[in-house]
Amino acid sequence: MALINTYDGRLLLSETTVGAGAQVLLLAFLGTAIGLGPAGWLTGLAFGLATWAVLNRALLRTRTRTFGPANRVTLGRAILVGAVTALVADSFQSSPPVSLFVGLTAVALILDGVDGKVARRTNTSTALGARFDMEVDAFLILVLSVYVSMSLGPWVLLIGLMRYVFVAAAKVMPWLNGSLPHSMGRKTVAAVQGVFLLAAASGLLPYAAGFSLVALALGSLLWSFGRDITWLFRHREGREKPTATAAVAETVTVTVEAPADRRAAELVTS
């Protein structure tokens, strides 16, 4: 009986290791195809290593039994995001081929609508999977905002940083961890962020059109966050003060599930 109940995470770790290997192979392809520079290589490898380490730690801590098909899709998206991150890091020295950059980013955005559907259809939805999906989405938005800011200005970084600022603020203001009512407006705003940033990054739009599109994305995001923060503030009274342990658990829960936190991470909604 003891042997049956023993948890063995080696199979899960082998899947994440395959993912890390795929990340290296994709970076090697980019290096061969476009001559990826040192900055791109180092950034891409750092992203792949960080993803492998954090994901392994989460899998072992949650004692997940199977990796699941949805997590494999998300891992594939993470590999693409690692490649996009490498291209953006390399762009400080030389601009990446637009078709390659747009293609990798577009596939990553499209696949964001796939992993959730796979999880629901296979009945394999988990809090870890939702968190993994969210972090990949949020980081892609951050990377895109960095790239677009090089042509439109540092104000674009607000789009990528807003979600991280919200999470940091929730650690000192627990009422921000409250559950929000369903809102199609919130989902729509979240969905357009990646699309608008990619459109501006493609270079296919005139400067004024790209500027207006990204400004619209930022304005809608500020409106969405502002509306939800106002709602949470008005409904903060009457909530029980969490203990230190409960506060940590609540923070983890809201980071995984709260619509306010996913708002800046969900790029393509189902």
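How many aromatic pairs does the structure hold? The answer is six. Keep in mind that what you're looking at is a predicted model. Let's start with one of those pairs and work outwards.

Take Phe47 and Phe139. Their ring centres sit 5.3 Å apart and their planes meet at 35°, so this pair goes down as tilted. That follows because the tilted class takes whatever is neither under 30 degrees (stacked) nor over 60 (edge-to-face). Now look at where the two rings come from: Phe47 belongs to helix α3, residues 38-62, and Phe139 to helix α6, so the contact ties together parts that are 92 residues apart in sequence. How do the two partners fare for accessibility? Phe47 is buried, at 13% relative accessible area, because the cut-off for buried is under 20%. Phe139 comes out at 26% and is partly exposed.

Since we're on α6 anyway, here's a quick sanity check on its geometry. The helix covers residues 127-152, which makes 26 residues, and at 1.5 Å a residue it should span 38 Å. The C-alpha atoms at its ends are 36 Å apart, which agrees with that expectation. If you're puzzled by the 38, the expected span uses one less than the number of residues. Step just past the end of α6 and you land on Gly153, whose phi is positive, at about 120°.

Two other residues with positive phi are worth a stop, and neither of these is a glycine. Arg63 has a phi of about 55° and is found in the loop between α3 and α4, the latter being residues 69-90. With 44% relative accessibility, Arg63 counts as partly exposed. Asn123 has its phi near 55°, and its place is the loop between α5 (98-121) and α6. Is Asn123 buried or exposed? At 71% relative accessibility it counts as exposed, because the threshold for that label is over 50%.

Back to the rings. Trp155, Tyr207 and Phe211 come together as one aromatic cluster. Some rings also have a charged neighbour over them. Arg163 lies over the face of Tyr164, 4.9 Å from the ring centre. In another such arrangement, Arg236 places its charged end over the ring of Phe233, at 3.7 Å from the centre.

How values were computed: Residues numbered from 1 in each chain as written. Predicted model: local features only at pLDDT ≥ 70, side-chain atom pairs only at ≥ 80, totals over all residues. Heavy atoms only, no water. Helix = DSSP H or I, 4+ residues; strand = E, 2+ residues; numbered from the N terminus. Phe/Tyr/Trp six-rings, centres within 6.5 Å; stacked < 30°, edge-to-face > 60°. Buried < 20%, exposed > 50% of the residue type's maximum accessible area, 1.4 Å probe, protein only. Lys NZ or Arg CZ within 6 Å of the ring centre and 35° of its normal.
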